[in-house]
Amino acid sequence: MATTLIAEIHQAQTRLPFLSRAERGALIVRILRELKILRREVLGNVSADRCVWIDKLIASVSSTVSEIVTMPDAEFNRVLNEFEKLMATLHNISHPQKPSKTVH
């Protein structure tokens, strides 16, 4: 799911000047939904005191969606870049790469 969302973020970045506020809002809501899923699935076994950062992020974004969607394109793009990095990191944690086998 995270890889699909990352692709959607990339697509939104290429179409940024043409995205409506509703489309921006829908994307941020999808990002929030994915963050909540990743929080539960990837960090579910991590002690709560070590996950305060993601809980605060989710709460902060949830309460400021309307401000985020009205950001100028350049700022909104930076927000999307940071979410993309976070999603990729959490996805990599939840789906670690298997070491490649080398032939000797």
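A salt bridge here is a side-chain nitrogen of Lys or Arg within 4 Å of a carboxyl oxygen of Asp or Glu. By that rule, this predicted model holds 5 salt bridges, and three of the views below each take up one such pair.

**Figure 1. The whole chain is built from helices, in the order α-α-α-α-α.** Let us start with the overall picture: the chain has 5 helices and 0 strands. Of its 104 residues, 35% count as buried. Among contacts between residues at least 6 apart in sequence, 71% join residues at least 24 apart. The accessible surface comes to about 6900 Å², and carbon and sulfur atoms account for 57% of that area.

**Figure 2. Helix 2 covers residues 21–42.** The end C-alpha atoms of helix 2 lie 30 Å apart, which agrees with the 32 Å that its 22 residues should span at 1.5 Å a residue. Its buried residues include Leu27, Ile28, Ile31, Leu32, Leu35, Leu38 and Val42. Charged residues appear in the buried set too, among them Arg24, Glu34 and Arg39.

**Figure 3. Arg24 and Asp73 meet through their side chains in a salt bridge.** The N to O distance is 2.3 Å. This pair links distant parts of the chain, with Arg24 in helix 2 and Asp73 in helix 5, 49 residues apart. Arg24 has a relative accessible area of 5%, so Arg24 is buried. Asp73, at 33%, is partly exposed.

**Figure 4. Asp55 and Arg39 form a salt bridge through their side chains.** Here N and O are 2.8 Å apart. Asp55 belongs to helix 3 (residues 52–63) and Arg39 to helix 2, so the pair ties together parts that are 16 residues apart in sequence. Asp55 is partly exposed, with a relative accessible area of 34%. Arg39 has a relative accessibility of 17% and therefore counts as buried, the cut-off being under 20%.

**Figure 5. Glu23 pairs with Arg15 in a salt bridge.** The closest N and O atoms of Glu23 and Arg15 are 3.4 Å apart. Glu23 is partly exposed at 37% relative accessibility, and Arg15 is partly exposed at 33%.

**Figure 6. His91 sits in helix 5, which runs over residues 73–94.** Helix 5 has 22 residues and reaches 31 Å from its first C-alpha to its last, close to the 32 Å expected. His91 counts as buried, at 17% relative accessibility. Other buried residues of helix 5 include Phe76, Phe83, Met87 and Leu90. Have a look at Val42 as well: the C-alpha atoms of His91 and Val42 are separated by 8.2 Å, although the two residues are 49 residues apart along the chain.

Note on methods. Residues numbered from 1 in each chain as written. Predicted model: local features only at pLDDT ≥ 70, side-chain atom pairs only at ≥ 80, totals over all residues. Heavy atoms only, no water. Helix = DSSP H or I, 4+ residues; strand = E, 2+ residues; numbered from the N terminus. Buried < 20%, exposed > 50% of the residue type's maximum accessible area, 1.4 Å probe, protein only. Expected span 1.5 Å × (residues − 1). Contact = heavy atoms within 4.5 Å. Areas by Shrake-Rupley, 256 points an atom, 1.4 Å probe, with all protein chains shown as cover.
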